[in-house]
Amino acid sequence: TTLYKTLSISNVSNTSTTCCPAGICWAASIAIMANYHCGTSYTALQVHDACGCLTSNYHSEEKSYIRQLGMYSGGPYYSTGNYPFCFSTLADCIDADMLLLLDYQDYDEAVAHNVVAYGYYATSSVSTTYFYYMDPNTGRKLSSFPASPRDTVCVSLGGYNYEVHCYITAY
């Protein structure tokens, strides 16, 4: 038996602003979540303008913005904590109709990126597991989990080698 489930989300494109010239992928990702859970049609710029720019306290701010837009939030959950980003945790969240705001970090290049995890897939033996995510820059993507659920999830995207630093749930 194959394990598979995706939530029906639509992409929201990333953009940049004068105050956030590197982009507002976090706002696009939160818009994706709000549009799914609340039936809205936010753009990244609308979320940014309603919430403001992120500061160094960005995880707390992201959770606050998720709540401000009418959702519940949980986390942040770190890869080394009790609820690491692994197949079983993702499957539990997706089965409970939760989207995950993933915080990607490329520590060598000092860059970060946000995407939304919205589904999972596993081969019949569950020896190979995958997650679906929506990238505000390029759309739908599929990436694999490492063999061990305690290993950090790594993703090559847009010329960067990201690690999943943590995730925040929205429901």
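# Notebook: cavities, pockets, helices and unusual backbone

**Entry 1, the cavity.** I began with enclosed space, and I found that the structure holds one cavity of 30 Å³ or more. I note here, before going further, that this is a predicted model, and I keep that in mind for each entry below. The largest cavity has a computed volume of about 40 Å³. I then looked up what surrounds the largest cavity, and its lining consists of Ser79, Pro84, Phe85, Pro149, Arg150, Asp151, Thr152, Val153 and Val164. Sorted by class, I have five nonpolar, two polar and two charged residues in that lining.

**Entry 2, the largest pocket.** I turned next to open space, where the largest pocket comes out at about 480 Å³. Its lining has 24 residues, and I wrote down those closest to the centre, which are Ala22, Gly23, Cys25, Ala112 and His113. When I asked which elements give two or more residues to this lining, I obtained α1, α3, β3, β4 and β8, the last of these covering residues 160-170. Strand β4 supplies the largest share of the lining, with three residues. By class, I recorded twelve nonpolar, nine polar and three charged residues around the largest pocket.

**Entry 3, the second largest pocket.** I looked up the second largest pocket as well, and its volume is about 170 Å³. It is lined by 15 residues, and those that lie nearest its centre are Phe87, Thr129, Pro146, Ala147 and Pro149. I see that Pro149 is also named in the lining of the largest cavity. The class count for the second largest pocket is nine nonpolar, five polar and one charged.

**Entry 4, helices α1 and α2.** I then checked how helix α1 (residues 25-38) packs with helix α2 (residues 44-51), and I found an angle of about 105° and axes 8 Å apart. Angles of 65 to 115 degrees count as roughly perpendicular, so α1 is roughly perpendicular to α2. On the α1 side of the contact I listed Trp26, Ala27, Ala28, Ile30 and Ala31, and these meet Ala44, Val47 and His48 of α2. This contact has seven nonpolar residues, one polar residue and no charged ones.

**Entry 5, helix α3 and His59.** Which residues of α3 are buried? I found His59, Glu61, Glu62, Lys63, Tyr65 and Ile66, and I noted that the elements covering them include α1, α2, β2, β3, β4 and β8. I chose His59 for a separate look, and it sits in helix α3, which spans residues 58-68. The relative accessible area of His59 is 11%, and because buried means under 20%, His59 counts as buried. Leaving out residues up to four places away in sequence, I found that His59 touches Pro76, Tyr78, Asp103, His165, Cys166 and Ile168. After α3 comes Gly70, which has a positive phi near 100°.

**Entry 6, unusual backbone.** For this entry I kept in mind that most residues other than glycine have a negative phi, and that most peptide bonds are trans. Where does a cis peptide bond occur? I located one joining Gly75 and Pro76, with omega at about 5°, and I placed Pro76 in strand β2, residues 73-78. Pro76 is also one of the residues that His59 touches.

I next looked up two residues with positive phi. Asp97 is not a glycine, yet its phi is near 65°, and I found Asp97 in the loop between α4 (87-95) and β3 (99-106). With a relative accessible area of 33%, Asp97 is partly exposed. Ala110 likewise has a positive phi, about 55°, although it is not a glycine, and its place is in the loop between β3 and β4 (111-122). Is Ala110 buried or exposed? Its relative accessibility is 70%, and since exposed means over 50%, I recorded Ala110 as exposed.

**Entry 7, Lys5.** I closed with Lys5, which belongs to strand β1, residues 3-6. At 28% relative accessibility, Lys5 counts as partly exposed. Setting aside neighbours within four places in sequence, I found Lys5 in contact with Ile94, Asp95, Tyr118, Gly119 and Tyr120. How many Å apart in space are Lys5 and Thr18? They are 13 residues apart in sequence, and from C-alpha to C-alpha I read 38 Å.

Terms used
Residues are numbered from 1 along each chain as its sequence is written. This is a predicted model: local features need pLDDT of at least 70, side-chain atom pairs count only at pLDDT 80 or more; totals for chains, interfaces and linings use all residues. Side-chain values use heavy atoms; hydrogens and water are left out. On a 1 Å grid over the protein atoms alone, a cavity is a set of points where a 1.4 Å probe fits but cannot get out, and a pocket is an open set with protein on both sides within 12 Å along at least five of seven lines; lining residues have an atom within 4 Å of a point. Grid points are joined across faces, edges and corners, and a volume is the space filled by probe spheres set on the points. Ala, Val, Leu, Ile, Met, Phe, Trp, Tyr, Cys and Pro count as nonpolar, Asp, Glu, Lys and Arg as charged, and the others, Gly among them, as polar. Buried means under 20% relative accessible area, exposed over 50%, partly exposed in between (1.4 Å probe, protein chains only). Axes are lines fitted to C-alpha atoms, for helices over the stretch in contact, and angles run from 0 to 180 degrees between N-to-C directions. Angles under 35 degrees count as roughly parallel, over 145 as roughly antiparallel, 65 to 115 as roughly perpendicular and the rest as oblique. Contact means heavy atoms within 4.5 Å.
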